[in-house]
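I opened this notebook to record what I looked up about the ligand site, the empty spaces and the backbone of one model. The entries follow the order in which I consulted the structure.

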Amino acid sequence: MSFCKLVKFYSISVFHFCRLTLLFSDSRYICSDTCNLQTAHKGTIEMLRRFIGQASIAQRCRCLISRQSSADTLRRCSSSATASSQAPVGTSAEQPTNTQFSDDYTSQPAARISIDRSGLSNPPEHSHETSKDSELVKHLKSIIKFRGGPISVAEYMEEVLINPKAGFYINRDVFGAEGDFITSPEVSQMFGEMVGVWAMCLWEQMGQPDRVNLVELGPGRGTLMADLLRGASKFEKFTKSLNIHMIEVSPALKKIQKLTLKCEDEDENTATTLTGTPVSWHSTLEEVPTGLPTIIIAHEFYDALPVHQFQKASRGWCEKMIDVAEDSKFRVVLSPQPTPATLYLLKRCKWAPTEDLSKLEHVEICPKAMDLTQNIAKRISSDGGGALIIDYGLDGIVSDSLQAIRKHKFVNMLDDPGSADLSAYVDFPAIKHSAEEVSEDVCVYGPITQSHFLGNLGINFRVESLLQNCTEEQAESLRTGYWRLVGEGEAPFWEGPNEQMPIGMGTRYLAMAIVNKKQGTPVPFH
Ligand code: SAH
C-alpha cells in the first residue's frame, strides 16, 4: 500500500472511530431525541428517516469544499480567535478605577441622559492636503466633525458594515476562500439540510399549514436556503406551502442569492426554480407581510448587528466612542456622561446575576438585537411559528468581543474601515429575556451547542449516507465539513498539512429557538 493510500486509510479509519465515538457519546441524544420525536410527532420520524436517507450530494454553484477552503477560518474562528476572544484589537480606552455605577446612571436615568461632548477631543481643523482616506473614512470623519464629537462604537460598526455606498457587505461577495471569512452553510451542504429538517419538524408541529412564511435574516450567498430547499424538495407538501422572504441589505449579495436559488428574473418578487417556491426580498423583517404562520432563520445575522461598548471608569460605566485623533487616525475615547444607550445597559444589567456584573470591566450590549428579537417574538405570538437563531456567542453577558476580520486574519477594527468584517459575540440571555418580556405566548429554548443541535437532528446519519455515494474528493470534504460543524478544536483524524487542519466549531456556535407556545417544544430542544 502506498504511503498516500496508507495515510488516506488511516485518516478514514480514525474518522470512523471518531464518528462512532461521537455516535456513542451522543447516543443519549439520538435515543432521547428519537423518543421525544416519537412521543411528540409521529410523522417526524418518518420524515427524518426519508430525508436523511437521500444520499445526494448537492450540485452547488461552486465546489463543495476544496482542500484549499479547509484552511479558511470559519467566521471568527481560528486558533487566534480562541486567544483573542473577548480581547479585541485597538479598542482600549482610559483605565477605570471605580467599579460602581455612578449615581447618575441609577437615579432617573431618562431625565439625565445627554451627551456632553466638551470633554472629548474634536477632529483636527480642516486641512487642504490631499487625503488618501477612502470614501467611508471620509464619511465617518465628516459625521464626527459635523456632530461636533465622537460617535458610538455601534454607529461606527453599522456604517462600516452596511453604509449604502461603501459598507463592507454592500458591494461584494465577502465569503469563502477568496473572501474574508467562511460560514457553516459554505462549509457543508449538511448545515442547510439540517436547518431544513428543523423547519420541517416545526411545520409538522404547526399542523402542516397550507401556507407559511419562511424568512431568512441575512442570507449571505443564499446557500443555506438553497440546501434547505434541495434537501426538502421531496417533501412537496412542505415546499409547496412556503413563501420565502429574504431579508438582505446588500444589493451585491441579493444578486448572488438570486443566482444560488436559480431565480429566473431579477425582480424583488420571483420564484426559485429549485422547488418552484415564490421568493421575495426585503430590507427589514417589518416589510414581510403578516398573517401567515412564520418560520424565521437567523444564521450569523445577530453577530453583525451593531454593539455599544461600555467600560468601567472611576465615574461609573462609560460608553466607548470613536473619535478622530490629532494625527487624523480613529481612536477610542470614553464618554464623560451617560449616553442614550445607557438605558439598554441598565436593562441588560438587570437580567445579569450580580456576581457576573461585579467581575466585569467591560460590557457589550446590542439594542438592535433586543429590538429585533421583540419584533420576532411579537410576530410569532400573533401569527404562530418559530425562529431559529444560530450564532457564535455566549450563554451570559458579553464583555468585550467585537473583532475585525480581513482575508481570514484578525485586524485592528479602526484600520481601513469597510475593508474588514466586524462582528461581536451574540448575547443569548439578552435574546431570551427580550422575547419573554414582550410576549407571554412564546417560549424560548436553549441556547444549546451547535454540535448538540445538529447531532440530535441526525447529522451523523446524514454524513454516513452521503459518504456511501460520493467521490474520494467529496468524501474528504464531507469529513472535514462534518468536523468543522460539530467537532471541537483540531480534528483528531487529520493527517494533512497543519495549516489546513479543520477546526471544529461545534461548541462555539450556539442555537436558540423562539417558538409560539401552541407549537410545543421544537426538536431538538427537548
Ligand atoms: N447567513 C449567512 C451570511 C451571514 S453574514 C451565512 O451564514 O452564510 C451576514 C448577512 O447579513 C449578510 O448577508 C449581510 O449582508 C446581512 N446583513 C448584515 N446586516 C444587515 C442588516 N442590518 N439588515 C439586513 N441584512 C444585513
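The entries below go from the ligand to the pocket, then to the cavities and the backbone.

**Entry 1. The model**

I note at the outset that this is a predicted model.

**Entry 2. The ligand shell**

I first asked which residues surround the ligand most closely. I found 18 residues around the ligand, and the closest of them are Thr 183, Gly 218, Gly 220, Glu 248 and His 299. I then sorted the shell by residue class and obtained 9 nonpolar, 5 polar and 4 charged residues.

**Entry 3. Polar contacts of the ligand**

I looked up the distances from ligand oxygen atoms to N or O atoms of the protein. For Thr 183, an N or O atom of the side chain is 2.6 Å from an oxygen atom of the ligand. The side chain of His 299 likewise has an N or O atom 2.6 Å from a ligand oxygen atom. At Gly 220 the backbone provides the partner, with an N or O atom 3.0 Å from an oxygen atom of the ligand. I next looked up the exposure of the ligand: taken alone it exposes 570 Å², of which the protein buries 95%.

**Entry 4. The largest pocket**

Where does the ligand sit? I recorded that the space it takes is the largest pocket. The volume of this pocket is about 770 Å³. I listed its lining and found 36 residues, with Gly 218, Ile 247, Val 249, Phe 301 and Leu 305 lying nearest the centre. Gly 218 had already appeared among the closest residues to the ligand.

I also asked which elements supply at least two residues of this lining. They are helix H8 (153–162), helix H9 (184–187), strand E2 (212–217), helix H11 (223–232) and helix H16 (367–383). By class, I recorded 18 nonpolar, 8 polar and 10 charged residues in the pocket lining.

**Entry 5. Cavities**

How many cavities of 30 Å³ or more does the whole structure contain? My search found 2. For the largest cavity I noted a volume of about 140 Å³. The lining of this cavity comprises 15 residues, and Cys 366, Ala 369, Tyr 425, Val 426 and Asp 427 are the closest to its centre. Two or more lining residues come from each of strand E10 (362–365), H16, strand E15 (426–427) and helix H17 (428–438). I observe from the lists that H16 contributes to the lining of the largest pocket and to that of the largest cavity. The cavity lining divides into 12 nonpolar and 3 charged residues, with no polar residue.

**Entry 6. Backbone geometry**

I then turned to the peptide bonds. The bond from Gly 446 to Pro 447 is cis, with omega near 10°. I placed Pro 447 in strand E16, which covers residues 442–449. A cis peptide bond also joins Val 523 and Pro 524, where omega is about -5°. I located Pro 524 in the segment after strand E19 (509–516).

Last, I looked up a positive phi outside glycine: Ser 328 has a value near 75°. Ser 328 belongs to the loop between strand E8 (316–324) and strand E9 (330–334).

Definitions and conventions
Residues are numbered from 1 along each chain as its sequence is written. This is a predicted model: local features need pLDDT of at least 70, side-chain atom pairs count only at pLDDT 80 or more; totals for chains, interfaces and linings use all residues. Side-chain values use heavy atoms; hydrogens and water are left out. A residue is near a molecule or strand if one of its heavy atoms lies within 4 Å of it. A polar contact is a pair of N or O atoms within 3.5 Å; within protein, one must be able to donate a hydrogen and the other to accept it, and residues adjacent in sequence count only if both atoms are side-chain atoms. Accessible areas come from the Shrake-Rupley method with a 1.4 Å probe; for residues, only the protein chains shown count as cover. On a 1 Å grid over the protein atoms alone, a cavity is a set of points where a 1.4 Å probe fits but cannot get out, and a pocket is an open set with protein on both sides within 12 Å along at least five of seven lines; lining residues have an atom within 4 Å of a point. A molecule sits in a cavity or pocket if more than half of its atoms lie within 2 Å of its grid points. Ala, Val, Leu, Ile, Met, Phe, Trp, Tyr, Cys and Pro count as nonpolar, Asp, Glu, Lys and Arg as charged, and the others, Gly among them, as polar. Grid points are joined across faces, edges and corners, and a volume is the space filled by probe spheres set on the points. Helices (H or I, at least four residues) and strands (E, at least two) are DSSP runs, numbered from the N terminus.
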